[in-house]
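Me: I want to go through the labels on this structure one by one. For each, tell me what earns it.

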Amino acid sequence: MTLRLLLPPSVGEARARARAELLDQSLRADLAEPVTVEVARDYADLAARAAGHGAELVWLPPTLCAQLEPTLRGLYKCVRHGRTTYRSAIVARRGELLRVADLRGKRAAWVDRLSVGGHLLALAALRRVGVGEDDLGAQTFEGSYPDALAALVEARADFTALTVRDDSPGATRDSLATYGGRTAAEKFSALHITEESPNDAIGLTRALDRKRAERLSTRVLERDGSRARAALCLALDAEGFIRAQPGEYEPLRGMLQGR
């Protein structure tokens, strides 16, 4: 059988292709299964394929973790920098905008409507200072963090939002460099760092029977030192995985409803 790993569009095709061969070799060695790696067209496609047995393993953003948790065989949060939470940075060109309230009437380049780091956390922060969606200028959904930053580089947007590990300046610089290279790290800075959200996670879908899901959990996700786990960590920019507690992503449903 082939193990299908589905990645969100925010990863980008180039990064997915670069890691596909390593994942195939490592998981094949530990599980005796070939692996295919695909990138979803958008978050709606990701959700539909996760719920509809379109992949065995799915890298899920937090909002889809909240939506799909009851349908999954298992859900494992990614650990980064020793943390299982992250924030969003609202970023713009250095010196042009100083406060979140200054974004009224400005053009936004978001990642996806369901992206927590690239849309929802930032939108919630805007609402708290009285700036609603209708108060913004043109809004586009670029599909990935690199593409959203490209919109700023090309002056097609005035601000965007991207995931950061914490509220330190270094975390914002690191994310800018990761998704936009040196140019982004030099030209952009954060206006605001949002509240926390649980990290993204690996979901084991119902395309796996219980026995196969347990095998993946014990041999890969919960097994320190395995080659397959190391490869999966590299592919997801993670240090490890921790099983999510039931209902841990529930508060995110309020963001989806615009609260």
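The turns below take up the sheet, a helix, a buried loop residue, the aromatic pairs and the salt bridges.

Reply: Start with a caution: this is a predicted model.

Me: What makes the sheet open, and what is its strand order?

Reply: Six strands line up as β2-β1-β3-β11-β4-β12, with mixed pairing. The edges are β2 (35–39) and β12 (240–243), and each pairs on one side only. Neighbouring strands are turned by 25° against each other on average, direction ignored.

Me: How do you know that β1 and β3 count as paired?

Reply: The cut-off is at least two bridges between the strands. Strand β1 (residues 3–7) and strand β3 (residues 57–60) have two bridges, in the parallel sense. Leu5 has Leu57 of β3 as its bridge partner.

Me: Which helices pack on the sheet?

Reply: Helix α2 (residues 43–51) touches β1, β2 and β3. The direction of α2 makes about 145° with that of β3. Helix α8 (residues 227–235) touches β1, β3 and β12. Between the directions of α8 and β12 the angle is about 95°.

Me: Which residues of α2 are buried, and what covers them?

Reply: Tyr43, Asp45, Leu46, Ala47 and Ala50 are buried. Their cover includes β1, β3 and α3 (62–68).

Me: What makes Asp42 a cap for α2?

Reply: A side-chain oxygen of Asp42 lies 3.2 Å from the backbone nitrogen of Ala44. A polar contact needs N or O atoms within 3.5 Å. The distance of 3.2 Å meets that, and the cap sits at the N-terminal end of α2. After α2 comes His53, with a positive phi near 65°.

Me: Why is Asn199 called buried?

Reply: Buried means under 20% relative accessible area. Asn199 has 2%, so the label holds. Asn199 is in the loop between β10 (197–198) and β11 (201–204).

Me: What does the side chain of Asn199 reach?

Reply: One partner is the backbone oxygen of Cys78, at 2.7 Å. Another is the backbone nitrogen of Tyr86, which lies 3.4 Å from a polar atom of the Asn199 side chain. Both distances, 2.7 Å and 3.4 Å, fit the 3.5 Å limit. Beyond four places in sequence, the contacts of Asn199 include Pro62, Arg83 and Tyr249.

Me: How many aromatic pairs are there?

Reply: A search of the whole structure finds two.

Me: Why is the pair of Trp110 and Phe159 called edge-to-face?

Reply: Ring centres must lie within 6.5 Å, and planes over 60 degrees apart count as edge-to-face. Here the centres are 5.5 Å apart and the planes are at 85°, so the pair is edge-to-face. Trp110 lies in strand β6 (residues 108–110) and Phe159 in strand β8 (residues 159–164), so the pair ties together parts 49 residues apart in sequence. Both Trp110 and Phe159 are buried.

Me: What makes the pair of Tyr145 and Tyr179 tilted?

Reply: Stacked needs planes under 30 degrees apart, edge-to-face needs over 60, and the rest are tilted. Tyr145 and Tyr179 have 40° between the planes and 4.8 Å centre to centre, which gives a tilted pair. Tyr145 is in helix α5 (residues 145–153) and Tyr179 in helix α6 (residues 169–187), 34 residues apart. Both Tyr145 and Tyr179 are buried.

Me: How do you know that Arg107 and Asp158 form a salt bridge?

Reply: The limit is 4 Å from nitrogen to carboxyl oxygen. For Arg107 and Asp158 the N to O distance is 3.1 Å, and the bridge counts. It is part of a search that finds 19 salt bridges in the whole structure. Arg107 is in the loop between β5 (85–93) and β6, Asp158 in the loop between α5 and β8, 51 residues apart.

Me: Are Arg107 and Asp158 buried or partly exposed, and why?

Reply: Buried is under 20%, exposed over 50%, partly exposed in between. Arg107 has 30%, so it is partly exposed. Asp158 has 15%, so it is buried.

Me: What makes Asp174 and Arg165 a salt bridge?

Reply: Their side chains meet at 2.8 Å, N to O, and the limit is 4 Å. Asp174 has 40% relative accessibility, so it counts as partly exposed. Arg165 has 23%, so it is partly exposed too.

Me: Which residues does the salt-bridge network join?

Reply: Glu38, Arg41, Asp45 and Arg49 are joined into one network by salt bridges that share partners.

Key
Residues are numbered from 1 along each chain as its sequence is written. This is a predicted model: local features need pLDDT of at least 70, side-chain atom pairs count only at pLDDT 80 or more; totals for chains, interfaces and linings use all residues. Side-chain values use heavy atoms; hydrogens and water are left out. Helices (H or I, at least four residues) and strands (E, at least two) are DSSP runs, numbered from the N terminus. Axes are lines fitted to C-alpha atoms, for helices over the stretch in contact, and angles run from 0 to 180 degrees between N-to-C directions. Contact means heavy atoms within 4.5 Å. Buried means under 20% relative accessible area, exposed over 50%, partly exposed in between (1.4 Å probe, protein chains only). A polar contact is a pair of N or O atoms within 3.5 Å; within protein, one must be able to donate a hydrogen and the other to accept it, and residues adjacent in sequence count only if both atoms are side-chain atoms. Rings of Phe, Tyr and Trp (its six-membered ring) pair if their centres lie within 6.5 Å; planes under 30 degrees apart count as stacked, over 60 as edge-to-face and the rest as tilted.
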